[in-house]
Structure formats: structure tokens, C-alpha cells
Amino acid sequence: MDNAFMARAIQLSLENVRSGRGGPFGAVVVKNREIVAEGVNRVTATKDPTAHAEVLAIRQACQRLGDFELRGCDLYSSCEPCPMCLGAIYWARIEKVYFGNLAEDAAKIGFDDSAIYSEITQPHSLREIPMIPMMRDEALAAFRAWEEHPGKIPY
């Protein structure tokens with residue numbers, strides 16, 4: 001845990017708001033006590049709903065380190081990660097996550113993720129956006145091909 005890394009994530013979030021280019025979120029990825037990547041919220045600037053600070057920092061860190069996993073890295077975020085960012089954090093295999101604001105703090109200013117968390121636990125047919133399974137047998141062909149592929153890179 002290092003206050004300087006969290007201070008940088010918070011500074012990025014403030015600069016992003018003041019610049020008018022995005023929401024109040026900043027994140028840094030740290031490896032061996034050095035910042036290897038930074039990200040700020042760019043959802044509205046890029047018209048990309050996945051352009052959250054944590055996701056952008058993870059993408060940049062993977063590119064810089066030349067790997068799709070960030071084992072040995074920590075993430076410092078100005079706010080508790082949303083469900084999408086949390087998924088990216090787990091897929092990246094980040095070691096630890098430090099955060100400033102709580103999800104409830106974000107909800108108070110209009111960034112409320114609670115509906116997404118509750119949707120995840122709902123059966124497919126009861127979700128607000130219906131999730132409708134179809135053509136599973138045909139889709140399983142790609143999974144069988146993956147299982148049999150000798151050159152696959154597991155992740």
C-alpha cells in the first residue's frame with residue numbers, strides 16, 4: 001500500500017473532471033513499486049461505455065508489459081471498481097486493488113452500479129435485458145475446437 005500511488009489515481013480523477021474530458025475516475029497499475037500504466041474515465045469522450053479508468057489502465061499495462069496477465073501488479077483506483085472493471089481485474093490476475101471512494105459514494109453522484117450487481121444474480125429470463133439462450137449445440141463446436149487445439153494459450 002502506497003499513498004503516492006493512490007494520490008496519483010485521485011489526481012488523475014480530478015484532472016479529468018477539470019479538463020471536461022470525462023468522469024471523476026482515475027486508476028494506476030503498479031509493478032515493482034513503479035507505475036506502469038494510468039487511466040482515466042473516457043466514456044463520453046470516446047463514446048465507449050467500456051472506457052473506464054481501470055479498464056484503460058489495464059489495457060495500457062498489458063501492452064507495456066507484453067502480457068495479457070498482470071500477475072505481480074497492483075491497481076490503485078480513485079473509486080471502488082464497478083462490476084465490469086471488477087471482471088477485468090480478475091481476468092488480468094491483478095494481485096491487489098486499493099480504492100478511495102466507495103461504490104455508495106459514486107451512487108450518490110449518479111454512478112450507481114447496484115442494479116448491475118442485482119441483475120447478475122437473476123435468472124436469464126428475469127433480467128431487465130432478457131438473456132435468451134439459442135443454438136447451444138452449434139456454439140459448442142468452437143469450445144470443442146478449443147479443447148482440441150494443440151497451440152492454444154490457456155488463460
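These are my notebook entries on salt bridges, pockets, a surface patch and two odd backbone angles in a predicted model.

**Salt bridges**

I started with the charged pairs, and the count came to three salt bridges. I looked up R33 and D2 to begin with: their side chains meet in a salt bridge, 2.8 Å from N to O. This pair ties together distant parts of the chain, with R33 in the loop between β1 and β2 and D2 in the segment before α1 (3-19), 31 residues apart. I then checked accessibility at both ends. R33 counts as exposed because its relative accessibility is 59%, while D2, at 15%, counts as buried.

Next I went to R8, which forms a salt bridge with E38, closest N and O atoms 2.7 Å apart. Here too distant parts of the chain are linked: R8 belongs to helix α1 and E38 to strand β2, 30 residues apart. R8 is partly exposed at 21% relative accessible area, and E38 is partly exposed at 28%.

The remaining pair I noted is R71 with E69, where the closest N and O atoms are 2.9 Å apart. Is E69 buried or exposed? I get 17% relative accessibility for E69, so it counts as buried, the cut-off being under 20%. R71 is partly exposed at 48%.

**Pockets**

I pulled up the largest pocket, which has a volume of about 260 Å³. Its lining has 16 residues, and F25, H52, C82, F111 and D113 lie nearest the centre. By class, I have ten nonpolar, two polar and four charged residues in that lining.

The second largest pocket holds about 220 Å³ of space. Which residues line it? I listed A115, I116, E119, I120, R127, E128, I129 and M131. Five of these are nonpolar and three are charged, with no polar residue in the lining.

**Surface patch**

I also found a nonpolar surface patch of about 640 Å², made by F68, W91, W146, I153 and Y155. I looked closer at W91, which sits in helix α4 (residues 83-92). W91 is exposed, with 56% relative accessible area.

**Backbone angles**

Last, I checked phi. Most residues other than glycine have a negative phi, so I wrote down two that don't. N32 has a phi near 50° and lies in the loop between β1 (26-31) and β2 (34-40). N32 counts as exposed, at 65% relative accessibility. K47 has a positive phi of about 55°; I found K47 in the loop between α2 (43-46) and α3 (53-65). K47 is exposed as well, at 71% relative accessible area.

Technical notes: Residues numbered from 1 in each chain as written. Predicted model: local features only at pLDDT ≥ 70, side-chain atom pairs only at ≥ 80, totals over all residues. Heavy atoms only, no water. Helix = DSSP H or I, 4+ residues; strand = E, 2+ residues; numbered from the N terminus. Buried < 20%, exposed > 50% of the residue type's maximum accessible area, 1.4 Å probe, protein only. Patch = residues over 30% accessible without salt bridge, like charges linked within 9 Å, V, L, I, M, F, W, Y side chains within 5 Å. Areas by Shrake-Rupley, 256 points an atom, 1.4 Å probe, with all protein chains shown as cover. Salt bridge = Lys/Arg side-chain N within 4 Å of Asp/Glu carboxyl O. 1 Å grid on protein atoms, 1.4 Å probe; cavity = no way out; pocket = protein on both sides within 12 Å on 5 of 7 lines; lining within 4 Å. Points joined across faces, edges and corners; volume = space filled by probe spheres on them. Nonpolar A, V, L, I, M, F, W, Y, C, P; charged D, E, K, R; others polar.
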